[in-house]
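Biologist: I'm new to reading models like this one. Could you walk me through the words you use and how you settle on them?

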Amino acid sequence: MKKRLYRIREGKMIAGVCGGIAKYFDVNPKVIRLLWAVFFAVYGSGLVAYILFSIFVPKEPRN
């Protein structure tokens, strides 16, 4: 089965973007959330990227 990037439904904090990315790359979601916070604090682009991901990345299908 082909890997697809989805926003997660279970265990999400806001829109499920960071959890979906963590699931795709098989890493801890806390690491992705921390990196996202750093990009937001340092570059200011983290918020824009999060909003774009939450709009364009679909939710994972229900089982």
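Modeller: Happily! Let's begin with residue classes: Ala, Val, Leu, Ile, Met, Phe, Trp, Tyr, Cys and Pro count as nonpolar, Asp, Glu, Lys and Arg as charged, and the others, Gly among them, as polar. With those classes, the lining of the second largest pocket divides into nine nonpolar, three polar and two charged residues. Keep in mind that this is a predicted model, where local features need pLDDT of at least 70 and side-chain atom pairs count only at pLDDT 80 or more, while totals for chains, interfaces and linings use all residues. Residues are numbered from 1 along each chain as its sequence is written, and side-chain values use heavy atoms, with hydrogens and water left out.

Biologist: What makes a space a pocket, and which residues line the second largest pocket?

Modeller: On a 1 Å grid over the protein atoms alone, a pocket is an open set of points where a 1.4 Å probe fits, with protein on both sides within 12 Å along at least five of seven lines; lining residues have an atom within 4 Å of a point. By that rule 14 residues line the second largest pocket, and Ile14, Cys18, Arg33, Trp36 and Tyr50 are the closest to its centre. Helix H1 (17–25), helix H2 (29–42) and helix H3 (46–56) each supply at least two lining residues, and H2 gives the largest share, four. Helices here are DSSP runs (H or I, at least four residues), numbered from the N terminus.

Biologist: Why is Glu60 called buried or exposed?

Modeller: Buried means under 20% relative accessible area, exposed over 50%, and partly exposed in between, with a 1.4 Å probe and protein chains only. Glu60 has 15% relative accessibility, so Glu60 counts as buried. Glu60 lies in the segment after H3.

Biologist: What does Glu60 touch, not counting residues up to four places away in sequence?

Modeller: Contact means heavy atoms within 4.5 Å. Glu60 touches Tyr6, Arg7, Ile8, Arg9, Glu10 and Lys23.

Biologist: How do you know whether Arg7 has a salt bridge?

Modeller: A salt bridge is a side-chain nitrogen of Lys or Arg within 4 Å of a carboxyl oxygen of Asp or Glu. For charge, Lys and Arg count as positive and Asp and Glu as negative, while His and the chain ends are not counted. For Arg7 the nearest side chain of opposite charge, Glu60, is 10 Å away, and Arg7 has no salt bridge although it is buried. Arg7 sits in the segment before H1.
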